[in-house]
Amino acid sequence: MTRWGILSTGQIAARFAEDLRLVPGAELVAVGSRTAESAQRFAARHGVPRAYASWAELAADDELDVVYVATPHAAHHQAASTCLAAGRAVLLEKPFTLDLATSVELVDTARAAGVFLMEAMWMRTNPLIRRVCELVADGAIGTVTNVRADFGLAGPFPPEHRLRARTLGGGALLDLGVYPVSLAHLLLGVPDHVRSWAKLSPERVDENTGIVLGYDSGAVATLTCGLVGATPVTAAVTGTAGRIDLPELFFRPGSVTLHRAGAEPETITGELVGGGYQYEAAEVQRCLAEGLLESPLVPHAATLEVMALLDGIRAQIGVSYA
């Protein structure tokens, strides 16, 4: 049995708690928040035995095997550091931190302590996303020449909302754009050229952003994210011999469509149970059972490469959290 704790009590933490029920061998035993009231409400709602009024108290619980950190972005570094210092394995919500430097610090801390650490980029653990990677690797669509992906929400969001609040790491890029960027990285790797543009909000966070990643191979990724309109949230991977279409909510698809050159389209379906968070939890448990310090599906190197990309994009569009 893997004993889980959840740090934070927001919407994503609640969704994760529900999906954790679908993972064999998982047991949610503790929750921690900045206040006793918030932790107790969450515990009562989700049937969690222990509720702690601080992150440190949660991290100090020796009966925990792993902690899922679901705070707003700006608190990721502090929350994860607290858990790692106590020797707790950590599944840390995306984006890992606000910048590459603090992400490297977390990875170095985990490695030095011999403690498991993984970014909760749940897209990379989704069975159909993994199947798309297999198809691409097997040459089903030839050599990849283009990746297109978008993620935009309609809003409007008030200035204090986490998506707009600069102090919380707000903006479209880190919250939404991380998915298109991660998909392009997953399929094409680190780009050789990056160009980006954004319209900034009065709070100086990006609210509508376009990104083009160029590769010396000739491949291109065209990516968008925004807070000012509901985009299709779809993706397509095009190659020299075909295309794979990913439908709405491309990061957790229930099906994908394979178009091979000269053949009828083929729909590949998967059993998407729950919200999709259970796959990353199952991957954490598999890694812990095997004594791994990082996941081969969401390796530290990939997390840091994407973070470096996000840093570079933020520099181009003029968004800083300093």
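Colleague: Where is the place of Glu119, and how should I read its surroundings?

Modeller: Glu119 sits in strand S6 (residues 117-120), strands being DSSP runs of E with at least two residues and helices runs of H or I with at least four, both numbered from the N terminus. This is a predicted model, in which local features need pLDDT of at least 70 and side-chain atom pairs count only at pLDDT 80 or more, while totals for chains, interfaces and linings use all residues. Residues are numbered from 1 along each chain as its sequence is written, and side-chain values use heavy atoms, with hydrogens and water left out.

Colleague: Which side chain makes a polar contact with the side chain of Glu119?

Modeller: A polar contact is a pair of N or O atoms within 3.5 Å; within protein, one must be able to donate a hydrogen and the other to accept it, and residues adjacent in sequence count only if both atoms are side-chain atoms. Here the partner is the side chain of Thr303, at 2.9 Å.

Colleague: Which residues link into a cluster through ring pairs?

Modeller: Rings of Phe, Tyr and Trp (its six-membered ring) pair if their centres lie within 6.5 Å, with planes under 30 degrees apart counted as stacked, over 60 as edge-to-face and the rest as tilted. The cluster joins Trp122, Phe151, Tyr179, Phe250, Phe251 and Tyr277, and the whole structure has eight aromatic pairs. Phe151 and Tyr179 form a tilted pair, 5.7 Å centre to centre with 50 degrees between the planes; Phe151 lies in strand S7 and Tyr179 in helix H7, so the pair ties together parts 28 residues apart in sequence. Phe250 and Phe251 pair edge-to-face, at 5.6 Å and 80 degrees.
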